[in-house]
Amino acid sequence: MEKKRFAESELIINEDGSVFHLHVKPEYLADKIIVVGDPGRVATVAAHFDTKEYEVQSREFHTVTGTYKDKRITVISTGIGCDNIDIVMNEIDALANIDFNTRTENDSHRSLEIVRIGTCGGLQPFTPEGTFICSETSIGFDGLLNFYSGRDSVCDLRLERALISHLGWTGNQCQPYPYVIDADKQLVERIAANDMVKGITIACGGFFGPQGRELRIPLADPRQNEKIESFEYQGRRITNFEMESSALAGLAKLMGHKAVTTCMVIANRRAGKANTGYKNTIDNLIETVLDRI
């Protein structure tokens with residue numbers, strides 16, 4: 001069977017042989033990958049490395065590959081949002097599984113291990129500021145996975161229907177149809193261990209209205225967060241809001257990779273409190289993930 005060839009317009013490769021947005025070459029991608037939102041946080045993660053072999057920055061995508069305790073690790077910044085996760089996940093999968101010379105898929109599949117380190121807003125009394133949450137399950141309010149074949153085969157359709165019913169979303173009032181995806185179970189157990197909350201995370205398509213924040217524009221549903229906080233499914237509750245976990249877990253599952261999101265709570269929406277000085281304490285989460293990845 002003849003291999004599919006990926007056209008120049010579909011897989012854009014720069015003149016130096018690097019992938020279009022990330023500007024990373026295949027040989028510089030490690031099997032273990034940490035993704036962070038903030039390009040500045042890449043340096044914070046890489047400061048723990050014992051050696052550094054490669055560094056490149058393009059737009060919001062800052063990449064460093066090095067070693068930590070004999071483990072080769074790549075850290076990449078994604079910027080904010082599931083749309084950027086779509087770029088990063090597709091490009092790192094291409095780096096791992098497509099021959100850039102022939103523009104065809106490699107004969108053997110290379111599976112990556114990807115852990116996101118981020119910040120989030122806690123939604124429950126048991127997720128106060130400073131809590132580390134591992135997103136065992138993610139709910140995508142962004143709609144991204146709905147554009148890919150096979151989304152129903154990897155998603156929890158019953159939980160999706162239960163949440164839509166609970167929120168009372170119908171017709172055009174509904175956000176892009178939510179998708180519910182579990183992170184890789186083995187990776188969750190290793191990364192979360194016994195000292196992180198294993199939660200259900202909603203990945204939102206924005207920071208303000210989609211997360212129930214109201215400034216000058218009134219919300220379509222002022223009770224949205226109240227409904228989300230009260231939702232319960234098989235004894236589980238929604239623990240936090242962030243903006244990337246669903247796309248990361250969903251695309252990883254469709255591509256044959258392992259992925260999970262970990263976040264530190266910097267704001268508790270129920271208590272109405274936020275900690276803007278979190279950058280010093282998130283280093284504890286970074287060290288934890290580096291040791292366990």
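Biologist: Is the crossing in which α2 passes α7 left-handed or right-handed?
Modeller: In this predicted model, helix α2 passes helix α7 in a right-handed crossing.

Biologist: How should one describe two packed helices?
Modeller: In general, two packed helices are described by the angle between their axes and by the distance between those axes. Here, the axes of α2 (residues 82–97) and α7 (residues 245–255) come within 9 Å and cross at roughly 30°. Angles under 35 degrees count as roughly parallel, and therefore α2 is roughly parallel to α7.

Biologist: Which residues of α2 and α7 meet?
Modeller: From α2 come Cys82, Ile85, Asp86, Met89, Asn90 and Asp93. From α7 come Ser246, Ala247, Leu248, Leu251, Ala252 and Met255. Sorted by class, the contact between the two helices has eight nonpolar, two polar and two charged residues.

Biologist: Let us turn to single residues. Is His62 buried, partly exposed or exposed?
Modeller: The judgement rests on relative accessible area, and buried means under 20%. His62 has a relative accessible area of 7%, so it is buried. This residue is found in strand β3, which comprises residues 61–68.

Biologist: What does His62 touch?
Modeller: Setting aside residues up to four places away in sequence, His62 touches Pro39, Val42, Glu55, Val56, Gln57, Val75, Ile76 and Ser77. With Glu55 there is also a polar contact, side chain to side chain, at 2.7 Å.

Biologist: And Thr201: is it buried or exposed?
Modeller: Thr201, in strand β10, is buried, because its relative accessible area is 0%. Apart from neighbours within four places in sequence, its contacts include Ser135, Thr137, Thr239 and Ser245.

Biologist: Lys198 is in strand β10 as well. How accessible is Lys198?
Modeller: The relative accessibility of Lys198 is 31%. Partly exposed residues lie between 20% and 50%, so Lys198 counts as partly exposed. Its side chain makes a polar contact with the side chain of Glu189 at 3.1 Å. Among the other residues that Lys198 touches are Cys134, Glu136 and Ala193.

Biologist: How far apart are Lys198 and Thr262 in sequence and in space?
Modeller: It is useful to read the two separations side by side. Lys198 and Thr262 are 64 residues apart in sequence, and their C-alpha atoms are 9.3 Å apart in space. For another pair, Arg237 and Gln57, the sequence separation is 180 residues and the C-alpha atoms are separated by 38 Å.

Biologist: Where does Arg237 lie, and which backbone oxygen does its side chain reach at 3.3 Å?
Modeller: Arg237 lies in strand β12, residues 236–242. At 32% relative accessibility it counts as partly exposed. Its side chain reaches the backbone oxygen of Glu229 at 3.3 Å. In addition, a polar atom of the Arg237 side chain lies 3.2 Å from the backbone oxygen of Ser230. Arg237 also touches Gln124, Ile200, Phe231 and Glu232, among others.

Biologist: Finally, let us consider backbone angles. What is the phi of Lys69, and what is that of Ala193?
Modeller: Lys69 has a positive phi of about 50°, although it is not a glycine. This lysine is found in the loop between β3 and β4. Ala193, likewise a residue other than glycine, has a positive phi near 50°. Ala193 is placed in the loop between α5 and β10, and at 26% relative accessibility it counts as partly exposed.

Methods. Residues numbered from 1 in each chain as written. Predicted model: local features only at pLDDT ≥ 70, side-chain atom pairs only at ≥ 80, totals over all residues. Heavy atoms only, no water. Helix = DSSP H or I, 4+ residues; strand = E, 2+ residues; numbered from the N terminus. Buried < 20%, exposed > 50% of the residue type's maximum accessible area, 1.4 Å probe, protein only. Polar contact = N/O pair within 3.5 Å; in protein donor to acceptor, adjacent residues only side chain to side chain. Contact = heavy atoms within 4.5 Å. Axes fitted to C-alpha atoms, helices over the stretch in contact; angles between N-to-C directions. Parallel < 35°, antiparallel > 145°, perpendicular 65-115°, else oblique. Left-handed = near helix turned anticlockwise from the far one by under 90°. Nonpolar A, V, L, I, M, F, W, Y, C, P; charged D, E, K, R; others polar.
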